[in-house]
Structures are given as C-alpha cells and as structure tokens.
Amino acid sequence: MALSFFWQGSIAPDLSAEQLYSRYVHHADVSALEQLVSLYGDALYHFLQRQSDRALAEDISQQCWLKLVDHKAVFAGQSSFKTWLFSMARHCLIDELRRLKRWQSQQLADDIALQQSCLAEQLQQCRQNQQFATLISALPFAQREALMLQLEGFSLTEISQITAQPPETVKSRLRYARQFMQQHNAVSGQE
Amino acid sequence: MSTPEQFDRELRQQYQHDKALHPLPQQVHRAIRQATARQRAAGKARNWRFSWRSAQLAVCSALLLVMAYLLQLPQPVTTQYYQVLLSHNEQYRQVQQHSVSTQVAADTNATEYQHYIASTQHTEQFHRQIGLLRQQQQEWQISVCNDLLLTIDTQLLAQLAMPKAVRQPQPPQWVEFISNSRGQLVAIQPATQALLCPHS
C-alpha cells in the first residue's frame with residue numbers, strides 16, 4: 001500500500017475498471033483514465049454507432065468521456081463501471097435523439113411486426129452484401145441495443161439496468177432479435 | 001441451418017469483427033487527452049497550492065514545537081551570593097553594605113528566616129538588633145545609634161522576610177533586624193520600642 005505511492009506512474013495490468021476509476025478520481029491518475037478509454041472506448045463507440053450514426057456516436061462518446069474527465073459524471077459503484085458507462089451513454093444518446101426529434105421514430109421501430117415489409121427489402125440487401133452490420137441495423141432500436149449489449153458481454157441483469165427495462169422485456173427482445181438474425185441466416189450467410 | 005451454439009458463436013465473431021472495424025475515432029482520443037492534460041495542469045496547480053499550505057503549516061508547527069520545548073527547559077539557575085562589605089566612617093564605627101550579587105555566595109534568606117523561626121535557641125544563631133530604617137535613594141539604611149550603619153540594596157531587600165508595612169517607603173521607622181551567625185540579614189520586623197542611644 002505504502003509502496004504504491006512510489007508507483008503512481010505505472011499501473012498494474014490486472015486492475016479492474018472500478019479500481020482504475022478510483023485511481024483516476026482519488027489520485028488524479030490520468031493514465032488510469034487512459035486505460036479505461038482503451039478498455040471501453042471502442043466498445044462504447046461501436047454500440048453508439050450501431051444505435052445512431054457515426055457523427056452522433058462520436059459526439060456522444062466524447063461527451064461521456066469528458067464528463068468523466070471533468071468529474072461531472074460520478075460512478076457511485078452501484079453496478080460495474082462498464083454497465084454504468086453504457087447506461088450513461090445510452091441516456092445521452094436518447095436525450096440527443098429526442099433533441100433531434102429522431103427518438104419517436106426509433107421507438108416506433110420497436111415493433112418488429114410493423115417492419116416486416118421494410119425488413120424484407122433490407123434483408124435482400126443484407127443477403128447480397130452479407131454484412132452483419134446491415135442486418136443488425138435492420139433490427140428495431142430496442143432489440144438491437146439488447147442484442148448489441150449481450151454480444152458485448154453484458155448479462156441479462158446488466159442489460160436490464162442499462163436499458164431500464166424489466167429482465168423479462170429484455171429477454172423477449174433478445175429472443176426476437178436472435179430469431180430474426182437466425183431466421184435470415186445472416187451469420188451463416190457469411191460462411 | 002446451424003445449431004444455436006454455432007449460431008451464437010458466429011454471431012459473436014461477427015460482432016467482434018464489426019467492432020474492430022469501428023474503433024473510437026482519433027479526434028475523440030485527442031479531445032480526451034487534451035481534457036486530461038487540462039485536468040492534470042489544474043491538479044498540479046491545486047497540489048502546488050496544497051503543498052505550499054502544507055509547508056507553511058509544517059513550519060508553523062515546527063516553530064511551535066521548538067518554542068514549547070524551549071519553554072519547558074529549566075531556566076538557568078543564577079546563583080546569587082550575599083555580600084557584606086565592611087567599612088567605617090566618621091559618623092559610624094562600622095558600616096556594613098549588604099547586597100546580593102552573582103559573584104559571592106549567599107544563603108537564601110527565606111531559608112535562614114525559617115531556621116530562625118523554627119529554632120528555639122535562635123539567640124545563639126541569630127542576632128536581633130533594633131535600628132532606625134530609612135530609605136535613601138536606591139538603597140535602604142538601618143542605623144544603630146552611631147555604632148553601626150547597614151546599607152541594604154533593593155534586590156536584597158526584596159528577598160528578606162519582612163512585613164509589607166515595613167517595605168513601604170515611609171518616614172524612618174524603628175525596626176528589629178535579624179542577622180544570622182554569619183552577619184547576614186535574614187529578616188526585618190517592626191520594632192515594638194525605639195532604641196535609646198546614649199549619644200542621641
């Protein structure tokens with residue numbers, strides 16, 4: 001413990017995200033923050049990009065990390081750091097979508113049944129392009145985010161925390177999303 | 001048609017592949033680095049202010065400790081010595097100048113007086129004489145007719161056992177002064193009667 005004072009410059013590679021955050025907040029250890037960015041920066045940006053577009057994802061990512069840098073967003077330890085980070089980013093994204101009046105259309109897209117005709121065209125394109133991205137983009141917002149978060153490694157409970165939805169709802173969204181993906185054989189189509 | 005496990009594995013692979021194609025843009029990395037640099041600079045300024053305050057506090061504390069230590073140290077004992085200079089002049093057969101100084105050894109008068117009070121045979125150890133006490137500028141004098149003149153410096157007077165009434169500057173008064181066997185004054189008391197001098 002006492003020796004760690006002399007090693008403030010270097011960070012042990014096995015520190016958890018929560019420990020890194022603590023080092024940044026309590027010891028102003030910038031390298032700990034840089035390590036957090038390298039751990040989750042890409043995943044967060046990818047999630048945001050799939051849920052919106054490149055420009056918005058870039059903007060929201062930057063906002064989130066800067067909130068962390070300036071201590072405007074404080075991780076209270078009620079969940080894992082990653083869960084908290086994605087949750088904060090999702091809130092920022094939805095706020096931004098609302099501001100841009102794009103949220104309503106995203107919400108309506110939650111009902112997959114309404115989209116079937118649209119999807120058929122998109123799927124056609126997907127089959128042709130054989131692109132995972134195209135297929136996942138065809139999913140409704142809520143199902144897409146549930147699936148993206150699951151693929152990112154979040155548990156059902158964590159997805160429930162991030163999306164502020166009951167676990168049953170999340171489970172059902174995941175089921176629909178996976179059925180959709182499997183049904184259209186997006187992945188196997190890549191083989 | 002793939003199995004669910006196979007499908008899940010392939011889905012995850014595709015996801016990871018897609019994620020790898022979309023890393024966090026460099027301009028966001030740059031913005032974060034700039035913000036952290038600003039934070040670091042602000043932090044350093046804060047630390048410097050904190051260090052400066054801490055240093056001031058440490059110096060003040062150290063000074064207080066040193067002062068407290070010095071105050072706790074026993075004060076150097078300055079030994080005072082009782083000094084009696086003998087002479088004579090035309091008026092008095094003997095003149096004794098009683099004073100205290102740091103040069104000559106002296107007993108503490110208070111202790112001597114305590115001895116006097118406690119002693120039942122004090123007449124052997126102490127001499128009681130009656131004389132006229134008067135204040136002369138910076139010294140006090142006790143004259144015993146024309147036989148003896150004692151001059152007492154104020155420093156010695158402060159150490160002698162004597163009532164407050166005697167100590168107050170006032171017109172000459174008759175006092176009884178007590179000396180020990182070495183001729184040192186130990187106490188002065190108001191006399192109950194005046195001394196009758198043969199020549200006065």
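This is a short tour of a predicted model, from chain A to a helix pair and a surface patch. Residues are numbered from 1 along each chain as written, and chains are lettered from A in the order written. Local features need pLDDT of at least 70 and side-chain atom pairs pLDDT 80 or more, while totals for chains use all residues.

Select chain A. Its secondary structure is ten helices and zero strands (DSSP runs: helices are H or I, at least four residues; strands are E, at least two). Of its 191 residues, 49% are buried (under 20% relative accessible area, 1.4 Å probe, protein chains only). Chain A exposes about 9,400 Å², with 51% from carbon and sulfur atoms (Shrake-Rupley method, 1.4 Å probe).

Next, select residues 30-51 of chain A, helix H2, and residues 4-21 of chain B, helix H1. Their axes (lines fitted to C-alpha atoms over the stretch in contact) come within 9 Å and cross at roughly 100 degrees. H2(A) and H1(B) are therefore roughly perpendicular (65 to 115 degrees, on a scale from 0 to 180 between N-to-C directions). Show the side chains: Asp42(A), Ala43(A), His46(A) and Arg50(A) meet Tyr15(B), Asp18(B) and Lys19(B).

Finally, select Val66(B), Tyr69(B), Leu70(B) and Leu73(B), which make a nonpolar surface patch of about 390 Å² (residues over 30% relative accessible area and without a salt bridge, nonpolar side chains joined within 5 Å). A salt bridge would put a Lys or Arg side-chain nitrogen within 4 Å of an Asp or Glu carboxyl oxygen. Leu70(B) lies in helix H2 of chain B, residues 26-72, and is partly exposed at 47% relative accessibility (between 20% and 50%).

Key
Heavy atoms only, no water. Patch = residues over 30% accessible without salt bridge, like charges linked within 9 Å, V, L, I, M, F, W, Y side chains within 5 Å. Parallel < 35°, antiparallel > 145°, perpendicular 65-115°, else oblique. Contact = heavy atoms within 4.5 Å.
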